[in-house]
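Q: Please pick one part of this model and take me through it slowly. I'm new to this, so keep it relaxed and go piece by piece.

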Amino acid sequence: EEVRAMIQSLGLEKNVRLLGFIRDPVPLLKMSDAFCLLSRSEGFCNALLEAMACGVPSVVTRVGGNPEAINDGENGFLVPVEDDSVAAERLLNLLRDPERSTQIGERGRNSVQTRFSAEAMIQKLIGVYRDLLAERDKKR
């Protein structure tokens, strides 16, 4: 209710919708111009990977696994925790430069496909097992 009251007090009812739980976020992500996640703490965020996989340029805080997924300025933006002015600046830059925004979104999509897809993760795991087996064989 506090958030709803704030939206109303700022006159943003036409611009902000609180949707609640969404079973399939992909259609919403694909129609989005940007993804913004300003968490104070995070694990490794699946929502970020979903946005990146949809080609949505992202602005996220430098917490948890976000720096592992985002190379700042290349495939998204990392901002300091609780620095809303930097986050707003990055978002506005994306919205004002659609060509750059598209490039960053595409780099994000490619990054997810090459580094975080199921196939990429399986190949990494196979590599770990190969390395472990090679070490074991050296000790014999």
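A: Before we start, here's what the angle between two helices means: each axis is a line fitted to C-alpha atoms over the stretch in contact, and the angle, from 0 to 180 degrees, is taken between the N-to-C directions. Also keep in mind that this is a predicted model.

With that in hand, let's look closely at helix α6. Its partner α7 packs against α6 at an angle of about 35°, and the two axes are 5 Å apart. On the α6 side, the contact is made by Q113, T114, R115 and F116, while α7 brings A118, A120, M121 and K124. Sort the residues of this α6 and α7 contact by type and you get four nonpolar, two polar and two charged.

Now turn to another partner, helix α3, which runs over residues 46–53. Here the angle with α6 is about 115°, and the axes are 7 Å apart. Which residues do the touching? From α3 come L49, M52 and A53, and they meet G105, G108, R109, S111, V112 and F116 of α6. That contact between α3 and α6 splits into five nonpolar residues, three polar ones and one charged one.

You may have spotted F116 in both lists: this residue takes part in the contact with α7 and also in the one with α3. So let's zoom in. Is F116 buried or exposed? F116 is buried, because its relative accessible area is 13%, and the cut-off for buried is under 20%.

F116 also belongs to an aromatic pair, and the structure holds one of those. To describe a pair of aromatic rings, you give the distance of the centres and the angle of the planes. For F44 and F116, the ring centres are 5.4 Å apart and the planes meet at 45°, so this pair counts as tilted. The two rings come from distant parts of the chain: F44 is in the loop between β1 (35–37) and α3, F116 is in helix α6, and 72 residues separate them. F44 itself counts as partly exposed, because its relative accessibility is 35%. There's one more neighbour to notice on the ring of F116: K124 lies over its face, 5.6 Å from the ring centre.

Now go back along the helix to S101, which also has its place in α6, a helix covering residues 98–116. S101 counts as buried because its relative accessibility is just 8%. If you skip residues up to four places away in sequence, S101 touches D33, P57 and L94.

Next, step over to α7, which spans residues 118–139 and includes Q123. With a relative accessibility of 41%, Q123 counts as partly exposed. For a sense of scale, take Q123 and L18: their C-alpha atoms are 39 Å apart in space, and the two residues sit 105 places apart in sequence.

To finish, let's visit a few spots beyond these helices. T61 is in strand β2, residues 58–61. How accessible is T61? Its relative accessibility is 2%, so T61 counts as buried. The T61 side chain reaches the backbone oxygen of S39 at 2.6 Å. Setting aside residues up to four places away in sequence, T61 has several contacts, among them L37, N66 and V81.

Helix α5 is home to L91. Without its neighbours within four places in sequence, L91 is in contact with A34, C36 and V59. Compare that with V79, whose C-alpha atom is 11 Å from that of L91, with their places 12 residues apart along the chain.

Just ahead of α5 is a loop, running between β3 (77–79) and α5 (84–96), and that's where you find E82. E82 is exposed because its relative accessible area is 59%. Its phi is near 60°, a positive value in a residue other than glycine.

One last stop is P25, in the loop between α1 (2–9) and α2 (26–30). P25 counts as partly exposed, since its relative accessibility is 25%. From P25 to A51 the C-alpha distance is 8.9 Å, and the two are 26 residues apart in sequence.

How values were computed: Residues numbered from 1 in each chain as written. Predicted model: local features only at pLDDT ≥ 70, side-chain atom pairs only at ≥ 80, totals over all residues. Heavy atoms only, no water. Helix = DSSP H or I, 4+ residues; strand = E, 2+ residues; numbered from the N terminus. Buried < 20%, exposed > 50% of the residue type's maximum accessible area, 1.4 Å probe, protein only. Contact = heavy atoms within 4.5 Å. Nonpolar A, V, L, I, M, F, W, Y, C, P; charged D, E, K, R; others polar. Polar contact = N/O pair within 3.5 Å; in protein donor to acceptor, adjacent residues only side chain to side chain. Phe/Tyr/Trp six-rings, centres within 6.5 Å; stacked < 30°, edge-to-face > 60°. Lys NZ or Arg CZ within 6 Å of the ring centre and 35° of its normal.
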